[in-house]
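Hi everyone, thanks for coming. I'd like to walk you through a structure that may be new to you, so please have a look at it first.

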Amino acid sequence: MMGRVNSLLAIVLVVSTTSLLSDLAYCEDPYVYQTWDVKYATLSPLGVPQQVITINGQFPGPKINCTSNNNIVVNVFNNLDEPLLLTWNGVQQRKNSWQEGTLGTNCPILPGTNYTYKFQVKDQIGSYYYYPTTPLHRAMGGYGPLAVHSRELIPVPFDLPKDDYFVFVGDWYKKGHASLRKLLDGGRSLGRPDGVIINGKGSFGTGNKTGGEDSPMFTMIAKKTYRYRFCNVGMKDSVNVRIQGHTMKIVEIEGSHTVQNVYDSLDVHLGQCYSVLVTADQKPESDYYLVASTRFSKKALTSTAIIRYVGGGQVPPSPELPPAPVGLPWSINQFRSFRWNLTASAARPNPQGSYHYGKIDITRTIKFVLKPFSKVGGKRRYSINGVSHVDPETPLKLAEYYGVADKVFKYDMIKDQPSDSDLAAEVIVAPNVINGTFRNFVEIILENHDKSVQTFHISGYSFFAVAVEPGRWTEEKRKNYNLIDAISKHTVQVYPNSWTAIMTTLDNAGMWNMRSMSLERQYLGEQIYVSVLSPNRSLRDEYNLPDTQLLCGIVKDMPKPPPYSS
């Protein structure tokens with residue numbers, strides 16, 4: 001009898017264990033759900049009423065607060081009078097360029113309709129933001145914060161701060177997006193911005209008070225430490241940020257934990273996000289200004305926000321603002337001081353430094369040359385290696401997936417390393433798409449022949465920014481690369497008449513956008529797409545077209561291609 005009982009218990013144990021393992025195998029990571037109402041509102045960021053894009057009545061929009069590997073589901077209702085797309089700046093969208101939200105990957109959400117984005121922040125942590133990619137909507141707002149926290153089992157290389165603040169800084173125009181688009185379509189430049197805003201508010205009225213108010217934008221308890229996540233969401237200028245009387249310890253840049261150096265101020269270039277720790281170690285009765293001012297512009301534009309200690313506010317902030325640094329060398333040296341924290345873990349338990357990018361053989365070198373504007377048909381255009389990108393009616397990714405790419409665009413219209421005669425030729429206006437070989441380790445050189453600072457973002461990947469130097473790049477310059485602890489990031493600046501070298505592995509199948517973060521330059525063609533196809537058409541490498549994907553252009557009524565196999 002006892003033997004039969006033991007046998008039954010053994011069978012129950014095996015079945016229960018098998019069921020548990022099966023459940024674990026199919027267990028999904030947690031979900032974060034949001035529903036967004038995107039519409040216009042009349043606000044006054046610079047003291048003049050103008051049309052602004054709000055999300056759920058907020059500008060900046062609602063925060064997506066999530067943890068590494070969470071699934072994000074955002075149902076977007078477009079209540080504007082124009083088509084809309086949103087991108088998730090810095091989220092790598094592993095195997096899932098279907099959710100990237102650019103005009104090369106997605107059909108826009110038509111007015112009065114909705115679309116649900118679903119993506120996973122796979123193996124990522126850090127500070128990011130979302131914004132609209134449909135033409136010049138970024139000039140109206142529509143952006144907001146996205147914070148990805150480490151899982152509880154992953155150690156973070158600093159103590160949990162008392163609170164966590166996003167600080168969106170950036171230049172701003174008083175003209176509406178329709179007026180700005182009319183300028184560009186008419187062959188003119190956007191010109192100088194009208195001011196700088198911090199979390200949707202700029203300085204106007206008396207002095208430098210943000211929004212003309214004395215109320216604080218941020219509060220701190222004396223002796224406590226806070227995390228400030230600075231993101232430059234502007235359209236034209238780099239911005240320097242600093243806090244009266246306080247230093248900033250940098251801890252994270254675009255998803256990478258950094259060596260924790262201390263700075264009085266930081267240059268934050270277009271599209272970049274930096275996380276710092278600030279300790280409330282000054283006189284608690286006083287208020288302090290957080291200062292944001294443009295860099296490398298003929299006339300610096302400045303805005304401030306008040307930081308107040310809890311129980312303080314008796315003494316107004318000093319009218320003497322901490323000065324911004326001067327010149328390019330200071331900024332270049334600061335870039336070189338940023339280092340990857342090799343011993344810290346990021347989204348995974350293994351240390352960041354366990355990935356030895358400097359020991360991987362380069363399989364391809366691509367040099368992208370960024371020139372001043374050219375005139376095509378009497379109008380301004382910006383180009384990369386002689387091609388100025390335009391978005392076709394059918395998104396590039398859909399055309400490729402449906403097998404009709406040849407009817408929409410041509411691959412590889414540019415050379416990997418253009419000659420002087422190539423660059424001197426007449427600019428071609430067309431979709432700019434190059435092929436990338438899956439899992440190749442590539443070196444990309446951004447060579448800036450213009451007189452202004454450029455900033456470039458690559459979607460779908462992070463890369464190692466291994467060098468920034470003046471002049472022209474040559475192969476012998478590789479001896480100056482940082483092949484040990486360069487920051488892994490997604491956006492990098494290129495200084496005037498200088499070059500920047502980055503390295504990455506093309507291990508994420510999809511159609512990925514590399515773009516100037518200057519709104520004018522991007523709109524007028526300074527962007528390119530990299531097509532990275534899995535040779536196996538396998539779900540291990542790329543997800544199938546979602547059933548809910550919006551279709552447009554020549555693929556709208558075509559039968560859906562066979563799905564990828566497992």
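Let's start with a question: which residues does Arg-380 touch, not counting residues up to four places away in sequence? They are Gly-187, Arg-188, Ser-189, Phe-373, Ser-374, Lys-375, Glu-520 and Leu-524, where contact means heavy atoms within 4.5 Å.

Before I go on, a word on what we're looking at. This is a predicted model, so local features need pLDDT of at least 70 and side-chain atom pairs count only at pLDDT 80 or more, while totals for chains, interfaces and linings use all residues. Residues are numbered from 1 along each chain as its sequence is written, and side-chain values use heavy atoms, with hydrogens and water left out.

Back to Arg-380, then. You'll find it in strand β24, residues 379–381; strands here are DSSP runs of E with at least two residues, helices are runs of H or I with at least four, and both are numbered from the N terminus. Is Arg-380 buried or exposed? It counts as buried, because its relative accessibility is 17% (buried is under 20% relative accessible area, exposed is over 50%, and partly exposed is in between, with a 1.4 Å probe and protein chains only).

Now for the empty space. Rolling a probe the size of a water molecule over the atoms shows where such space is left. Here's how the terms work: on a 1 Å grid over the protein atoms alone, a cavity is a set of points where a 1.4 Å probe fits but cannot get out, and a pocket is an open set with protein on both sides within 12 Å along at least five of seven lines. Lining residues have an atom within 4 Å of a point. Grid points are joined across faces, edges and corners, and a volume is the space filled by probe spheres set on the points.

The largest pocket has about 870 Å³ of volume. Thirty residues would be a lot to read aloud, so of the 30 that line it I'll just give those nearest its centre: Gln-92, Asp-123, Arg-348, Ser-462 and Ser-488. Two elements, β31 (488–489) and β33 (498–505), give two or more residues to that lining, and β33 has the largest share, with 3 residues. By class, we get 10 nonpolar, 13 polar and 7 charged residues. For the classes, Ala, Val, Leu, Ile, Met, Phe, Trp, Tyr, Cys and Pro are nonpolar, Asp, Glu, Lys and Arg are charged, and the others, Gly among them, are polar.

On to the second largest pocket, at about 660 Å³. It is lined by 28 residues, and Arg-192, Lys-236, Asp-237, Ser-452 and Arg-521 are the closest to its centre. Here β29 (454–458) and α6 (519–523) give two or more residues to the lining, with the largest share, 3 residues, coming from α6. This lining divides into 10 nonpolar, 8 polar and 10 charged residues.

How many cavities of 30 Å³ or more does the structure hold? Just 1, and its space is about 100 Å³. Among its 16 lining residues, Ile-366, Val-442, Ile-444, Leu-506 and Val-530 are the closest to the centre. The lining has 11 nonpolar, 4 polar and 1 charged residue.

Next, have a look at helix α3, residues 328–337, with buried residues Ser-331, Ile-332, Gln-334 and Phe-335. Looking down the axis of α3, these fall within an arc of 160 degrees, so they line one face of the helix; the arc is that of the directions from the helix axis to the C-beta atoms. They pack against β17 (262–263), β18 (265–268), β20 (287–295), β30 (463–470) and β32 (491–494).

Last, a few backbone details. The peptide bond from Phe-59 to Pro-60 is cis, with omega near -5 degrees, and Pro-60 sits in the loop between β2 (50–55) and β3 (64–67). Gln-93 isn't a glycine, yet its phi is positive, about 50 degrees. Gln-93 is also buried, at a relative accessible area of 1%. Phe-296 isn't a glycine either, and has a positive phi of about 60 degrees, but Phe-296 is partly exposed, at 33%.
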